Amino acid sequence: MYITETFELPRNASEHVKEELQFLPPSKLNVDRVSKTFATRTGPLKALDEVSLQVAEGEFVCLVGASGCGKSTLLNMIAGLEKPDSGSVTADGLRVTAPGRERLVMFQEAALFPWLDVLGNVIFGLKMKPHLSRRDRKDVARYYLELVGLSRFEKSNIHELSGGMKQRVALARALAPNPRMLLMDEPFAALDALTREQLYGDLQQIWESRRKTIIFVTHNVREAACLGDRVMLFSPHPGRIREEFLIKLPRPRDINSIDLAEYAGRITRSLKGYKNGNGGVAE
Ligand SMILES: Nc1ncnc2c1ncn2[C@@H]1O[C@H](COP(=O)(O)OP(=O)(O)O)[C@@H](O)[C@H]1O
Ligand SMILES: [Mg+2]
């Protein structure tokens with residue numbers, strides 16, 4: 001166990017802070033034949049049908065598919081926010097039945113507290129760590145604000161920030177409790193292309209430096225190919241995983257590279273095939 005080389009700890013940081021910033025081994029996940037049906041006004045709706053997924057320690061896996069194919073439902077189950085009708089979700093050998101701080105979710109809308117400043121929002125993520133003093137929490141929060149490039153803005157109000165900065169705060173807040181798995185549900189979908197590109201680079205760097213298992217939901221195929229070691233393609237009605245793509249490109253990856261476009265093209269062709277209901281064969 002050691003502290004990251006890239007960022008300096010605050011001077012006089014306590015032992016608690018050092019311990020808090022230690023690397024924890026990333027989580028391993030096993031989703032085994034999970035199904036989920038929702039009751040809707042128009043009758044039962046099968047959101048997930050026997051979905052299985054294994055994720056290795058430290059892997060970056062993207063879930064892509066058209067809207068409504070069960071990506072968020074699966075992510076919420078992994079987070080422990082939703083229960084499967086059948087099948088099981090296991091993280092590091094333990095059945096997931098409730099949310100836990102080893103697995104934290106970051107949503108599309110940065111659910112930040114407008115009455116707290118930037119630092120206050122990140123500190124809030126540390127509420128569940130009673131052994132940390134106020135000062136310790138500040139030190140830990142500042143470490144993560146530096147990691148996401150927002151040190152200069154710790155006293156800013158949330159409403160003064162751009163969309164990209166808000167998502168950076170949300171990322172720092174999700175990282176601060178040192179989860180072993182990070183679950184991200186379309187976190188960049190509302191941002192403009194340039195802001196997103198910057199965040200792709202930064203997220204890859206953070207993933208490499210903090211070594212998390214990441215499960216990332218998106219409907220943006222290029223984004224998935226840019227970020228994932230693996231891309232799982234879903235099809236809707238009922239939600240199923242239809243295909244898996246290994247993205248064998250070196251990192252950091254550039255979203256505009258030709259190699260990446262080739263992968264994205266392949267995934268898109270499959271995606272269109274499933275949408276057209278011909279079993280994935282689009283050509
Ligand atoms: N709580 C719920 N009640 C009823 N239907 C739901 C609920 N949550 C999701 N659904 C339905 O389940 C399907 C899958 O939803 P979701 O997982 O949000 O898809 P995605 O994230 O891929 O867009 C959708 O048709 C959605 O309308
Ligand atoms: Mg969704």
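These legends accompany close-up views of a predicted model.

**View 1. The β1-β2 hairpin.** Let's start with two strands that follow one another in the chain: β1 covers residues 29-40 and β2 covers residues 43-55. They form a hairpin, with two residues between them. Their pairing is antiparallel and runs over nine bridges. To find your place in the ladder, look for Lys-36, whose bridge partner in β2 is Leu-48.

**View 2. β1 and its pairing with β4.** Here we stay with β1 and turn to strand β4, residues 86-91. The two strands run antiparallel and are joined by five bridges. A handy landmark is Asn-30, which has Thr-90 as its bridge partner in β4. Taken with the previous view, β1 pairs with β2 and also with β4.

**View 3. An open sheet of six strands.** Follow the sheet across in the order β6-β7-β8-β3-β9-β10, and you will meet mixed pairing along the way. The edges are held by β6 (103-106) and β10 (240-246); each has a single partner strand, so one side of each is left without a neighbour in the sheet. On average, neighbouring strands of this sheet are turned by 20° against each other, direction ignored.

**View 4. The parallel pair β3 and β9.** Now we zoom in on two strands of that sheet, β3 (residues 60-64) and β9 (residues 230-235). Four bridges connect them, and the pairing is parallel. Leu-63 is a good residue to look for, as Met-232 in β9 stands opposite.

**View 5. The surroundings of ligand 1.** Which residues come nearest to ligand 1? Among the 13 residues around the ligand, they are Phe-38, Ala-47, Lys-71, Ser-72 and Thr-73. Two or more residues of the shell come from each of β1, β2 and α2 (71-79). The largest share belongs to α2, which contributes three residues. Sorted by class, the shell around ligand 1 contains eight polar residues, four nonpolar and one charged.

**View 6. Helix α2 and the residue that follows.** Is α2 largely enclosed or largely open? Eight of its nine residues are buried, so α2 is largely enclosed by the rest of the structure. The buried set begins with Lys-71, Ser-72 and Thr-73 and goes on through Leu-74, Leu-75, Met-77, Ile-78 and Ala-79. Lys-71, Ser-72 and Thr-73 will be familiar from the ligand view, where they are among the residues that come nearest to ligand 1. Just after the helix comes Gly-80, with a positive phi near 85°.

Conventions. Residues numbered from 1 in each chain as written. Chains lettered and ligands numbered in written order. Predicted model: local features only at pLDDT ≥ 70, side-chain atom pairs only at ≥ 80, totals over all residues. Pairing = 2+ DSSP bridges. Axes fitted to C-alpha atoms, helices over the stretch in contact; angles between N-to-C directions. Near = placed C-beta within 6 Å. Nonpolar A, V, L, I, M, F, W, Y, C, P; charged D, E, K, R; others polar. Buried ≥ 20, exposed ≤ 12 C-beta atoms within 10 Å, placed from the backbone.
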